[in-house]
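Student: I've got a model open and I'd like to talk it through. Can you help me read it?

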Amino acid sequence: VIDRLILPVRQRLRLDQNTARAICSMLDGVLIDYAVTALAEARKKASKEALLIGWDCDDRTRLWLEAWRLSQQGWNIDVLAEPLDSPRPELFPGQRIFVWTGTALSLRQQEQLTHWQEQGFDIVSHGVLRLV
């Protein structure tokens, strides 16, 4: 649903500068509300816990849609609603962390992710070209 319906509709709505932007913003609000509801329902089930962090991205709606996607895969997801320029996994000791960039990881991001993993943090890229 996310890849074949929601994302193409959002992409088309962003083409028109005026009316479509307002409609897209309304759609984003509905999508975030639904994702939050789905995350709350997932909390009622026994599942694996993780944190989702947006990393150097600006599409907050996509971040919430990815949280929804992870909840459908059996994860109980907490979301840092504000994407970060530089996540700090040391602030979340013992926590499984997914980072989402919205695009393929840059070389710098790949190196940083590998460094964190070598330090023992349970952190992986989620979404586009994930490194798992």
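**The T101 loop and the sheet**

Tutor: Sure, start here: a polar atom of the T101 side chain lies 2.4 Å from the backbone oxygen of T103, where a polar contact is an N or O pair within 3.5 Å; within protein, one atom must be able to donate a hydrogen and the other to accept it, and residues adjacent in sequence count only if both atoms are side-chain atoms. This is a predicted model, with local features needing pLDDT of at least 70 and side-chain atom pairs pLDDT 80 or more, while totals for chains, interfaces and linings use all residues. Residues are numbered from 1 along each chain as its sequence is written, and side-chain values use heavy atoms, leaving out hydrogens and water.

Student: Is T101 buried or exposed?

Tutor: T101 sits in the loop between β3 (97-100) and α4 (107-118); helices (H or I, at least four residues) and strands (E, at least two) are DSSP runs, numbered from the N terminus. Buried means under 20% relative accessible area, exposed over 50%, partly exposed in between (1.4 Å probe, protein chains only). T101 has 8% relative accessibility, so T101 counts as buried.

Student: Which residues is T101 in contact with, leaving aside neighbours within four places in sequence?

Tutor: Contact means heavy atoms within 4.5 Å. With those neighbours left out, T101 touches W55, C57 and Q109.

Student: Which strands stand at the edges of the sheet?

Tutor: The open sheet has 4 strands in parallel pairing, ordered β2-β1-β3-β4; two strands pair if DSSP finds at least two bridges between them. Each edge strand has a single partner, so one side of each lacks a neighbour in the sheet: these are β2 (75-84) and β4 (123-125).
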